[in-house]
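Colleague: I would like to learn how to read helices, buried residues and pockets in a model, taking one feature at a time. Could you give me the general idea in each case and then show me how it applies here?

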Amino acid sequence: MKRLLVIAFAIVPAISVNAQIAMPPTDATSFRDTSMLKPPAGAKVAIIEFEDLECEYCAMASPIVRAAMSHYNIPRVHHDFIIQSHTWSRTAAIYARYLEDKVSPQAAEDFRRDVFANQPLISNQDDLQRFTRKWFQSHGQQMPFVIDPSGRCAAEVAADCTLGFRLGLVHTPTIIVVTAHRWIEVTKPNQLYAAIEHAELEASAPTVHARSGVRKQQ
């Protein structure tokens, strides 16, 4: 019979290997299918974020997430998750997907950040279209008369939402720091740096080594 002896990190209480960590532990989401909570290939630690472009809390969290990515040099996996009561966020997400597919991922990221920064000026679909047309012009792009005639971009947004429902999302933003073997939901953005440091410490520790605090016994 095998037993796994683990010296727990002081930053969080000892929990089972596959259990959820939330920082802080209050308001943690009861996730369902967590199979997608893995870093992309080549990364030991990453941030997974589900956001809605009309969500004011997403707008407040966005600069914190971006700063953390730069500070720790880790990737972020972005997903759209549309709040049903929001009137223009789905269209904004489709615009961002168009930029991602037809221009560049960086252009899409810049558009999303600028939408967040200008949320107070966008209250309906007409405001969004005016803002987007000006944004395209100021970035040397021609905004198509019909931006998604095939429905491909809308399908990509819908696929992200389906992924969020499968995970069991109930709010935006949902920010999760992931390693190959563990994930941490960050329920307060000001805890993001601590969560990343905890994840990096765990990811860099040898899996089987006496000095790592992990020993397998037969």
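Colleague: At the start of helix 4, which backbone nitrogen does a side-chain oxygen of N124 reach?

Modeller: Please keep in mind that this is a predicted model. At the start of helix 4, a side-chain oxygen of N124 comes to within 3.1 Å of the backbone nitrogen of D126. Beyond the helix, G140 follows, and its phi is positive, near 70°.

Colleague: What span should the 14 residues of helix 4 have, and how far apart are its end C-alpha atoms?

Modeller: The idea is to compare an expected length with the one in the model: at 1.5 Å a residue, helix 4, residues 125-138, should span 20 Å, and because its end C-alpha atoms are 20 Å apart, the two agree.

Colleague: Which residues of helix 4 are buried, and which are exposed on the other side?

Modeller: In general, an α-helix has 3.6 residues a turn, so residues three or four places apart point the same way. In this model, D127, L128, F131, T132, W135 and F136 are the buried residues of helix 4. They cover an arc of only 160° around the axis, and therefore lie on the same side of helix 4. K134 and Q137, by contrast, are exposed on the other side of the helix.

Colleague: What do the buried residues of helix 4 pack against?

Modeller: Their packing partners are helix 2, residues 89-102, and helix 3, residues 105-117.

Colleague: Which elements do the buried residues of helix 3 pack against?

Modeller: One begins with the list of buried residues, which for helix 3 is A107, A108, E109, F111, R112, R113, V115 and F116. These pack against strand 3 (46-51), helix 1, strand 4 (76-80), helix 2 and helix 4. The length can be checked here too, since the 13 residues of helix 3 should span 18 Å at 1.5 Å a residue, and the end C-alpha atoms are 19 Å apart, which agrees.

Colleague: Which residues of helix 2 are buried, and what covers them?

Modeller: In helix 2 the buried residues are S89, A92, A93, I94, Y95, A96, R97, Y98 and L99, and their cover includes strand 4, helix 3, helix 4 and helix 5. Helix 2 has 14 residues and reaches 20 Å from its first C-alpha to its last, close to the 20 Å expected at 1.5 Å a residue.

Colleague: Is Q119 buried or exposed?

Modeller: A label of this kind rests on relative accessible area, and buried means under 20%. Q119 has a relative accessible area of 12% and is therefore buried, although its place is in the loop between helix 3 and helix 4. Not counting residues up to four places away in sequence, Q119 touches L53, E54, C55, E56, A59 and W88.

Colleague: How does A154 count, given its relative accessibility?

Modeller: A154, which lies in helix 5, residues 152-167, has 29% relative accessibility and so counts as partly exposed. Leaving out residues up to four places away in sequence, A154 touches I94 and D148. The C-alpha atoms of A154 and Y98 are separated by 9.2 Å, with the two residues 56 residues apart along the chain.

Colleague: How much space lies in the second largest pocket, and which residues are the closest to its centre?

Modeller: The second largest pocket holds about 290 Å³ of space. Its lining has 14 residues, of which H171, P173, T187, K188 and P189 are the closest to the centre. Helix 1 (56-72) and strand 6 (183-186) each supply at least two lining residues, and the largest share, four residues, comes from helix 1.

Definitions and conventions: Residues numbered from 1 in each chain as written. Predicted model: local features only at pLDDT ≥ 70, side-chain atom pairs only at ≥ 80, totals over all residues. Heavy atoms only, no water. Expected span 1.5 Å × (residues − 1). Buried < 20%, exposed > 50% of the residue type's maximum accessible area, 1.4 Å probe, protein only. Arc of directions from axis to C-beta. Contact = heavy atoms within 4.5 Å. Polar contact = N/O pair within 3.5 Å; in protein donor to acceptor, adjacent residues only side chain to side chain. 1 Å grid on protein atoms, 1.4 Å probe; cavity = no way out; pocket = protein on both sides within 12 Å on 5 of 7 lines; lining within 4 Å. Points joined across faces, edges and corners; volume = space filled by probe spheres on them.
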